[in-house]
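Visitor: I'd like a close look at one helix and what packs around it. Could you walk me through that part and fit it into the rest of the chain?

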Amino acid sequence: MKIVCAWCGEDKGEKDGPHDVVTHTICGACLEFMKITEDGNFLKYITITPNPIVMLDKTGKVTGANAAAVKYLGKPLSTISGIPCGNAFGCIYSRLPEGCGNTMHCYACAVRKAVMKTHETGEPVVNAKVMLNVAKNAGAEQVHFTVSTYLSRGIVYLRIEEQEG
């Protein structure tokens with residue numbers, strides 16, 4: 001079984017298991033780089049990474065995003081800051097009267113599950129597959145991507161990676 005860092009993609013070797021399976025970890029260099037220190041290392045990381053990263057509080061509201069996330073979401077940071085994650089992503093269910101996080105669909109949402117699990121346990125989620133129904137023009141479109149999460153100082157950093165759908 002091949003081991004790959006979920007954040008930088010570096011090959012970290014192999015371990016016992018099927019040869020056609022890839023498992024993920026966070027390598028020491030990324031873990032060290034992602035720690036928020038007085039010199040702002042983690043903020044430096046989210047600025048230079050090509051992957052979209054959205055920062056979310058314990059209620060699932062957006063507290064920030066890097067330039068790649070702003071581009072991916074197609075909305076200015078000023079319009080997504082402080083709103084629920086589903087609204088930022090354009091989830092069709094976030095438009096229901098109950099709102100993002102409160103509909104019957106939210107309990108199965110892989111983005112919400114990953115963010116809340118990391119907030120509750122402190123454990124990262126690595127490369128969780130997501131299918132989200134997002135509003136497009138007059139209808140909806142299924143969007144497929146993976147997410148990884150990391151908790152630091154009460155904020156979950158949600159990394160988005162596109163995949164073919």
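Guide: Read along the sequence, this predicted model runs β-β-β-α-α-β-β-α-α-α-α-β-β-β. That makes six helices and eight strands. The helix to zoom in on is α6, covering 110–121.

Start with its length. At 1.5 Å a residue, the twelve residues of α6 should span 16 Å, and the C-alpha atoms at its ends are indeed 16 Å apart, so the two agree. Right after α6 comes Gly-122, with a positive phi near 80°.

Now for what α6 tucks away. Its buried residues are Val-111, Ala-114, Val-115, Met-116, Thr-118 and His-119. The cover over them includes one helix, α5, along with the strands β4, β6, β7 and β8.

Val-111 is a good residue to click on. Beyond its neighbours within four places in sequence, Val-111 touches Cys-85, Val-130, Phe-145, Val-147 and Leu-158. Val-111 also ranks among the residues with the most contacts inside the largest nonpolar core, alongside Val-54, Phe-89, Phe-145 and Val-147. That core has 26 residues. Elements giving two or more residues to the core are β4, β5, α3, α5, α6, β6, β7 and β8. As a general point, nonpolar side chains in soluble globular proteins tend to be buried together.

How does that sit in the whole chain? Of the 165 residues, 41% are buried. Among contacts with a separation of 6 or more, 38% join residues 24 or more positions apart. The accessible surface comes to about 9,200 Å², and carbon and sulfur atoms hold 52% of that.

For contrast, try α3, which also feeds the core. Ala-67 lies in that helix, yet Ala-67 is exposed, because its relative accessible area is 66% and the cut-off is over 50%. Ala-67 and Leu-77 sit ten residues apart in sequence, with 8.6 Å between their C-alpha atoms.

Last stop, the charged pairs: searching the whole structure turns up two salt bridges. One links the side chains of Arg-159 and Glu-161, at 3.1 Å from N to O. Arg-159 is buried, at just 2% relative accessible area, while Glu-161 is partly exposed at 33%. Both belong to β8 (155–162), one of the strands covering the buried residues of α6. The other bridge joins Lys-2 and Asp-11, 4.0 Å from N to O. There, Lys-2 is partly exposed at 35%, and Asp-11 is partly exposed at 45%.

Notes:
Residues are numbered from 1 along each chain as its sequence is written. This is a predicted model: local features need pLDDT of at least 70, side-chain atom pairs count only at pLDDT 80 or more; totals for chains, interfaces and linings use all residues. Side-chain values use heavy atoms; hydrogens and water are left out. A nonpolar core is a set of buried Ala, Val, Leu, Ile, Met, Phe, Trp, Tyr and Cys residues joined through side-chain atoms within 4.5 Å. Buried means under 20% relative accessible area, exposed over 50%, partly exposed in between (1.4 Å probe, protein chains only). Helices (H or I, at least four residues) and strands (E, at least two) are DSSP runs, numbered from the N terminus. Contact means heavy atoms within 4.5 Å. Accessible areas come from the Shrake-Rupley method with a 1.4 Å probe; for residues, only the protein chains shown count as cover. The expected span of a helix is 1.5 Å times one less than its number of residues.
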